[in-house]
Amino acid sequence: MPIAPTARVDPRASIAPDASIGGYCIIEADVVIGAGCRLEPYVYVKRWTMLGEANEISAGTVLGTDPLDKNFTGERSYLRIGNRNKIREHYTISRGTQPESVTEIGDDNYIMTSGHIAHNCKIGSRTVICSCALVAGHVEVEDGAFISGGVVIHQFSKIGELAMIGGNTRVNSDVPPYMLCADFNAAVKGLNVVGLKRAGLRPADISALKKAYQILFRSQLKLEEALQRIETESPTAHTRHLVDFIRRSERGICRE
């Protein structure tokens, strides 16, 4: 498919022959755009950005922006985006701050309108990030997480696998995998049962996670005691991931 005549593509960029570049797009040097990508008009892809295959980038989006970090001094850093992602209108994603560092986006993500993913974030695969969500620097989002509209995520926070965060929530601690969070300050309200079913978890796996949720959030046990009890009473691959995530947490988890 053609590159629109009004697009401006630096000759040092690498564009797959079947990629579609819409009108008034700007593609800087040292950009890689893979096979089957489609850029709508007015997309700006800045230097040191790499897109895999079959990504769809909507109008007004800017990829590979300089990080919003006062410590940034202009060195080379990267934005790497995987395959089959949909990034909708008026979105910005920054490169890393430190020299040679990376902001990473996985595969099959659906990123909605008018939001920002900051420097050095690591977004997994099959996530949904809804409109007007703001993801600060160094945040990690595991596979299958769902971030609702208007959510703000503090820097260095982690969002666990298949967790769901309700709209307009402020996340300033780590969100454990598989949980449903809401309130102004993120608080766990239950297990993300609908999300787990949609992800194809077996009933036995969901039952084990329900038991782990009760132990962790309703038993009034101290945290390490609760984790040890989960390991003993409800050992599955998913509950082990839950326990490992919590033990690795540096900011602490949102626990009510």
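Buried, for this talk, means under 20% relative accessible area, and exposed means over 50%, with partly exposed in between. I start there because a residue at 13%, Asn120, is called buried on that cut-off. What you have in front of you is a predicted model.

First, the chain as a whole. There are four helices and 27 strands. The radius of gyration is 20 Å, close to the 18 Å that the globule rule gives for 256 residues, so the chain is as compact as a globular protein of that length. The C-alpha trace spans about 65 × 40 × 30 Å along its principal axes. Of the 256 residues, 51% count as buried. The accessible surface comes to about 11,800 Å², and carbon and sulfur atoms hold 52% of that. As for contacts with a separation of 6 or more, 30% are between residues 24 or more positions apart.

Now the sheet. In what order do the eight strands of the open sheet run? The order is β2-β5-β8-β11-β14-β17-β20-β23, and the pairing is parallel. At the edges are β2, residues 14–15, and β23, residues 158–159, each of which pairs on one side only. As a general reminder, strands of a sheet pair through backbone hydrogen bonds, either parallel or antiparallel.

Let me walk through part of that sheet. Strand β11, residues 78–81, is joined to β14, residues 102–105, by four bridges, and the two run parallel. Within that pair, Arg80 has Glu104 as its bridge partner in β14. Moving along, β14 pairs with β17, residues 122–123, again in the parallel sense, over two bridges. There, Ile105 stands opposite Ile123 of β17. Towards the β23 edge, strand β20, residues 140–141, is joined to β23 by two bridges, also parallel. Glu140 stands opposite Lys158 in that pairing.

Next, a residue in a loop beside the sheet strands: Asn55. Asn55 sits between β8, residues 49–51, and β9, residues 56–57. Is Asn55 buried or exposed? Asn55 has a relative accessible area of 0%, so it is buried. What does its side chain reach? One target is the backbone nitrogen of Arg84, at 3.4 Å. Another is the backbone nitrogen of Asn85, which lies 2.9 Å from a polar atom of the Asn55 side chain. Leaving aside neighbours within four places in sequence, Asn55 is in contact with Gly36, Cys37 and Arg38, and also with Ile81, Gly82, Asn83, Arg84 and Asn85. Of these contacts, Ile81 falls in the residue range of β11, 78–81.

On to two loop residues with unusual backbone angles. In general, most residues other than glycine have a negative phi. Tyr24 is not a glycine, yet has a positive phi of about 65 degrees. Tyr24 lies in the loop between β3, residues 20–21, and β4, residues 26–27. At 49% relative accessibility, Tyr24 counts as partly exposed, because exposed would need over 50%. Asn120 also has a positive phi, near 65 degrees. Asn120 belongs to the loop between β16, residues 116–117, and β17. With a relative accessible area of 13%, Asn120 is buried, as I said at the start.

Now the cysteines. How many disulfides does the structure hold? Zero. Cys181 is in no disulfide, and the nearest cysteine sulfur to it, that of Cys254, is 3.6 Å away. Why is there no bond between Cys254 and Cys181? A disulfide needs the two sulfur atoms within 2.5 Å, and at 3.6 Å the sulfur of Cys254 is too far from that of Cys181 for a bond. Cys181 is buried, with a relative accessible area of 1%. Cys254 is buried too, at 4% relative accessibility.

Last, a proline between two helices. Pro235 is found in the loop between α3, residues 223–233, and α4, residues 237–248. Not counting residues up to four places away in sequence, Pro235 touches Ile230 and Arg240. The C-alpha atoms of Pro235 and Asp205 are separated by 9.7 Å, with the two residues 30 apart along the chain.

To go back over the main points: this is a predicted model, with an open, parallel sheet of eight strands, a buried Asn55 in the loop after β8, and zero disulfides.

Notes. Residues numbered from 1 in each chain as written. Predicted model: local features only at pLDDT ≥ 70, side-chain atom pairs only at ≥ 80, totals over all residues. Heavy atoms only, no water. Buried < 20%, exposed > 50% of the residue type's maximum accessible area, 1.4 Å probe, protein only. Polar contact = N/O pair within 3.5 Å; in protein donor to acceptor, adjacent residues only side chain to side chain. Contact = heavy atoms within 4.5 Å. Pairing = 2+ DSSP bridges. Rg over C-alpha atoms; globule rule 2.2 N^0.38 Å. Areas by Shrake-Rupley, 256 points an atom, 1.4 Å probe, with all protein chains shown as cover.
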